[in-house]
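Here is a short set of questions and answers on one structure. Look at the sequence and the coordinates first, then read on.

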Amino acid sequence: MEQSRTQESPYRALSAGQVEAFRRQGFVVPGIGLEAAEVESLGREYDRVFDEARGSERFRNLSGEDADEEMLQITQVCERSLDFRRLLYHPRILDAVEDLIGPNIQLFHDQALYKPAHHGGPIHWHQDNAYWQCLPADLVSCWLTFDDVDAENGAMHLVPGSHMAPVEHERGDVLLDAGGDSAGSAFVADLPAGSLMFHHCQTLHHTRPNRTSRRRRAFAVHFMRPGTRSAHAGEMPISFSRPLLRCRI
């Protein structure tokens with residue numbers, strides 16, 4: 001377990017302006033966070049994990065089991081891969097998270113989100129915490145890419161300021177169908193491979209289908225403060241599944 005911010009890291013934590021932007025709009029895009037060699041190595045491991053998952057059907061298609069489209073999800077990749085377990089402790093990520101939620105950081109969960117070329121499915125407008133039901137609602141997600149991402153192959157669209165209040169979602173497994181009138185002002189997070197983006201758990205966001213010849217490999221890590229509670233199950237203790245990633249007492 002990493003005990004404090006790594007002093008030797010060349011990465012500069014978020015500026016005061018970036019932290020303020022996050023507070024105001026519910027997301028911030030600090031830019032490239034992983035080195036090219038890290039992107040290449042983790043991309044290979046990402047592919048291996050998905051190949052293994054397809055062989056054992058240990059994944060979920062968020063587009064539906066019978067759909068022609070594929071929006072593939074694997075949760076807790078850190079329990080299937082040591083490389084992704086190490087990624088949870090990456091100082092360039094934790095330094096930024098510390099600036100947003102403080103020095104005591106616990107994992108909520110991680111997930112790989114894969115849109116294949118030509119038939120990658122969409123993710124409709126939603127707020128993450130509408131499904132998580134965490135209290136307090138102040139979790140932060142790091143969304144990173146192993147491919148160049150734009151609006152055509154699955155870049156994230158986010159509505160600035162939508163994190164200020166929860167939005168009513170449909171019941172069941174179907175995500176929110178529309179982002180409302182404010183969706184027209186959505187920010188499109190075009191990201192080169194290796195980029196980091198951080199967003200609040202109540203920021204309204206979605207991704208479009210991927211009809212291009214380019215795949216879109218994305219990975220999300222969701223962070224919380226120790227003591228965060230589930231509205232249904234109470235406090236979520238530190239465990240192998242939800243380790244304490246950084247602590248400064």
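Q: In which strand is the place of H205?
A: This is a predicted model. Residues 205–207 form one strand, and H205 lies in that run. The strand is β11.

Q: Is H205 buried or exposed?
A: The relative accessibility of H205 is 5%. Buried means under 20%. H205 therefore counts as buried.

Q: Which side chain does H205 join in a polar contact of 3.4 Å?
A: H205 touches several residues beyond four places in sequence, including H124, H126, D128 and H157. The polar contact of 3.4 Å links the side chain of H205 to that of D128.

Q: How far from a polar atom of the H205 side chain is the backbone oxygen of T203?
A: The partner atom on T203 belongs to the backbone, while the H205 atom is in the side chain. The distance between them is 2.8 Å.

Q: How far apart in space are L113 and T75, C-alpha to C-alpha?
A: L113 sits in strand β4, residues 105–115. L113 is buried, with a relative accessible area of 11%. In sequence, L113 and T75 are 38 residues apart. In space, their C-alpha atoms are separated by 8.8 Å.

Q: How many salt bridges does the structure hold?
A: Side chains of opposite charge can pair when their charged atoms come close. One of the pairs is E45 with R48, at 2.9 Å from N to O. The count for the structure is 17.

Q: Which helix holds both E45 and R48?
A: E45 counts as buried at 13% relative accessibility. R48 counts as partly exposed at 35%. The two are 3 residues apart, about one turn of the helix. That helix is α2.

Q: What separates R86 and D83 in helix α3?
A: The side chains of R86 and D83 meet in a salt bridge of 2.9 Å, N to O. R86 is exposed at 53%, and D83 is partly exposed at 28%. Both lie in helix α3, 3 residues apart, so the separation is about one helical turn.

Q: How many residues apart in sequence are the parts that R225 and D138 tie together?
A: The side chains of R225 and D138 meet in a salt bridge of 2.2 Å, N to O. R225 lies in the loop between β12 and β13, and D138 in the loop between β6 and β7. The pair therefore ties together parts whose separation in sequence is 87 residues.

Note on methods: Residues numbered from 1 in each chain as written. Predicted model: local features only at pLDDT ≥ 70, side-chain atom pairs only at ≥ 80, totals over all residues. Heavy atoms only, no water. Helix = DSSP H or I, 4+ residues; strand = E, 2+ residues; numbered from the N terminus. Buried < 20%, exposed > 50% of the residue type's maximum accessible area, 1.4 Å probe, protein only. Polar contact = N/O pair within 3.5 Å; in protein donor to acceptor, adjacent residues only side chain to side chain. Contact = heavy atoms within 4.5 Å. Salt bridge = Lys/Arg side-chain N within 4 Å of Asp/Glu carboxyl O.
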